[in-house]
Amino acid sequence: MRWIKKIAFWLLLAVITVYTLFPFYWAIVSSLKTGSSLFEVDPWPKEAAWSNYSAVFTAQPFGQNILNSVIVATAVVVLSLLLGLTASFALARIEFRGRSLLLLMVLGVSMFPQIAVLSGMFELVRWLGFYNKLPALIVSNLILTLPFTVWVLTTFMRELPKELEEAAIVDGATPATIVFRVFLPLLGPAMATTGLLAFISAWNEFLFALTFTQSDSVRTVPVAIALFSGGSAFETPWGLIMAASVIVTVPLVVLVLIFQRKIVSGLTAGAVKG
Amino acid sequence: MTSPTTPIAASAVTGAPEPPPSALIRQRTRAAWIFLTPTLIAMALVAGWPLARTFWFAFTDANLTDLGASQFVGLESLKYVLEDPDWWTTVWTTFRFAFVSVFLETLLGLIIALSLNAHFRGRAVLRAAVLVPWAIPTVVSARMWAWMFNDIYGVINAIFLKLGLINEALAWTAEPGLSFVAVVAVDVWKTTPFMALLILAALQMLPGDIYEAAKIDGAGPIRSFFQVTLPLLRGPLMVAIIFRMLDALRVFDVFFVLTGGSTDTMPMAGYARQRMFEYQEIGVGSASASLLFAIIALFTAVYMVVGRVKLTGD
């Protein structure tokens, strides 16, 4: 009876593992197949062909697309962290009238459906002269990452010991000194976690990137992958698409595996505690 | 600005007209607003203003080619949306999608979280593995699955045929009924990890002695799950479900990548975007986007009421 239970449990774990990893595994396998072997359902490529991986960069401006995504996501993260750090200090550590209203506002904005700001944002982007340029995506992505960053940093900032701040105040430290000299060093891990989560959401953003860019060379990775198409309307270059998918996924998977614990605490701080 | 009670009380004791706490409090309040200003300006620019413009466009006949030439038409655009059967198809699709996928995610998330909560060797590895789908961009996972769902060369048809579950290959992404299944499959795969982690976090905060007590009372694992675990998980579970519902209602990318632009399988956000940028009818598109916003706002209000306990708790 005992070992039946044990086997059932391990079977369940095996099913969970296969379920979560198989699509990714299948993308890797498919990306290594070319020509007709791509269209045979083989659990293993007969011989690994790397041509899809080089073709992604020659047949498409995929290198440029990756660079675009890196630029946009990095800029968005830096801006969000800079703005979020000071704002979250105010929201987490200072009592002032209107604080809970502001917190509710931040939470509310983080739940905006992107589509609700799309036409207004389009007008803003065009007015700023950013249409079909990367700054359009940097500006618009802030609506996703800024409220989130403020919210999560506020939760982390609340947990810092009160005594530390009091000692600094006694020493005559101004709020700015407290934020940058006392708290910032302690917040390193929290900033890294929040920044990583913001990076992932900016990296994955699709609707704004699809709407505010037009030319292949300005597209970010998700849009490029979504719009990859073959020579004719009936021919989808699956090998290329899978190669591209693997290329953009591997760094994310590595990051997530390294920062696994931190990510979980960041996610729960952002969602459950809210 | 200063609190009305403390200065008086403090000066009554010390006799000083301006005790240090109030000066400090004033300094800190001022700092708070200075610290908040850049963020507030940024939020007003990227959230407040565009949202207000979208609401305004909803009452106009704005056209993409010349936004400046739009005329105020009152409720005409809204009326158009509400009388458009295509809109109601997308409403039905979106809600069906949200309920079905959030239900499945919760169920699977619960199973995965309970398994990961047990002690076994390699738990850390499995916990990391479960996070992988969450890390993959939605567009990428949609394309991975689209390939697996391919009608002729897809691995899913091949497996199902081999297992005898189906007699002939199915066109998963072409037929509305099947593509709905495909979209749900992708979304469930991608977001179950999120659900599982939230539930797992809640599980690990449950006090162990309750289980001891339940065991002494003779409760088996199934009974203690339904009578101890589930009631204790109710709060966190509710928050997670509403959080995911909000996400599911504004869905766009999975549908766009997997099913293209067919109205039979389009979410509300897809309808709004199609009106705005393919038909160039910013007015009608904005009206439908505003409707979606109202729905989400309603859910957000519920979320805030549910989450309130913890928001002001600490």
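Q: Which residues does Thr229(B) touch, once residues up to four places away in sequence are left out?
A: In this predicted model, Thr229(B) touches Leu203(B), Leu206(B), Tyr211(B) and Ser224(B), where residues up to four places away in sequence are not counted. Thr229(B) itself belongs to helix α10 of chain B.

Q: Is Thr229(B) buried or exposed?
A: The class follows from relative accessible area, and buried means under 20%. Thr229(B) has a relative accessibility of 5% and therefore counts as buried.

Q: How many cavities does a search of the whole structure find, and how should one look for them?
A: The general idea is that rolling a probe the size of a water molecule over the atoms shows where empty space is left. Here, a search of the whole structure finds four cavities of 30 Å³ or more, and the largest cavity has a volume of about 1,300 Å³.

Q: Which residues lie nearest the centre of the largest cavity, and which helices supply its lining?
A: The lining of the largest cavity consists of 40 residues, and those nearest its centre are Leu144(A), Ser201(A), Arg244(B), Asp247(B) and Arg250(B). At least two lining residues come from each of α4 (99-109), α6 (134-158), α8 (175-204) and α12 (260-271) of chain A, and likewise from each of α8 (176-204), α10 (221-249) and α11 (253-259) of chain B. The largest share, five residues, is that of α10(B), the helix in which Thr229(B) is also placed. By class, the lining of this cavity divides into 25 nonpolar, eight polar and seven charged residues.

Q: How much space lies in the largest pocket, and what lines it?
A: A pocket, unlike a cavity, is an open set of points. The largest pocket in this model holds about 1,400 Å³ of space, and of the 30 residues that line the largest pocket, Phe9(A), Leu114(B), Asn117(B), Ala118(B) and Pro221(B) are the closest to its centre. Each of α1 (2-31) of chain A and α4 (85-117), α9 (209-216) and α10 of chain B supplies at least two residues of this lining, with α1(A) giving the most, seven residues. The lining of the largest pocket has 17 nonpolar, seven polar and six charged residues.

Q: How many aromatic pairs does the structure hold, and how is the geometry of a pair read?
A: Over all chains there are 33 aromatic pairs. In the pair formed by Phe22(A) and Tyr25(A), the ring centres are 6.2 Å apart and the planes stand at 45°, so the pair is tilted. Phe22(A) and Tyr25(A) are three residues apart in helix α1 of chain A, which means that about one helical turn separates them. Phe22(A) counts as partly exposed at 25% relative accessibility, and Tyr25(A) is partly exposed as well, with a relative accessible area of 29%.

Q: Which residues do ring pairs link into a cluster, and where does the charged end of Arg96(B) sit?
A: Ring pairs link Phe122(A), Tyr131(A), Phe208(A), Phe212(A) and Phe277(B) into a cluster. In chain B, the charged end of Arg96(B) sits over the ring of Phe180(B), 4.1 Å from the ring centre.

Q: What is the phi of Asn132(A), and what is that of Gln280(B)?
A: As a general guide, most residues other than glycine have a negative phi. Asn132(A), although not a glycine, has a positive phi of about 60°, and its place is in the loop between α5 (115-127) and α6 of chain A. Gln280(B), also not a glycine, has a positive phi of about 65° and is found in the loop between α12 (268-278) and α13 (282-311) of chain B.

Key
Residues are numbered from 1 along each chain as its sequence is written. Chains are lettered from A and ligands numbered from 1 in the order in which they are written. This is a predicted model: local features need pLDDT of at least 70, side-chain atom pairs count only at pLDDT 80 or more; totals for chains, interfaces and linings use all residues. Side-chain values use heavy atoms; hydrogens and water are left out. On a 1 Å grid over the protein atoms alone, a cavity is a set of points where a 1.4 Å probe fits but cannot get out, and a pocket is an open set with protein on both sides within 12 Å along at least five of seven lines; lining residues have an atom within 4 Å of a point. Grid points are joined across faces, edges and corners, and a volume is the space filled by probe spheres set on the points. Helices (H or I, at least four residues) and strands (E, at least two) are DSSP runs, numbered from the N terminus. Ala, Val, Leu, Ile, Met, Phe, Trp, Tyr, Cys and Pro count as nonpolar, Asp, Glu, Lys and Arg as charged, and the others, Gly among them, as polar. Buried means under 20% relative accessible area, exposed over 50%, partly exposed in between (1.4 Å probe, protein chains only). Contact means heavy atoms within 4.5 Å. Rings of Phe, Tyr and Trp (its six-membered ring) pair if their centres lie within 6.5 Å; planes under 30 degrees apart count as stacked, over 60 as edge-to-face and the rest as tilted. A charge sits over a ring if NZ of Lys or CZ of Arg is within 6 Å of the ring centre and within 35 degrees of the ring normal.
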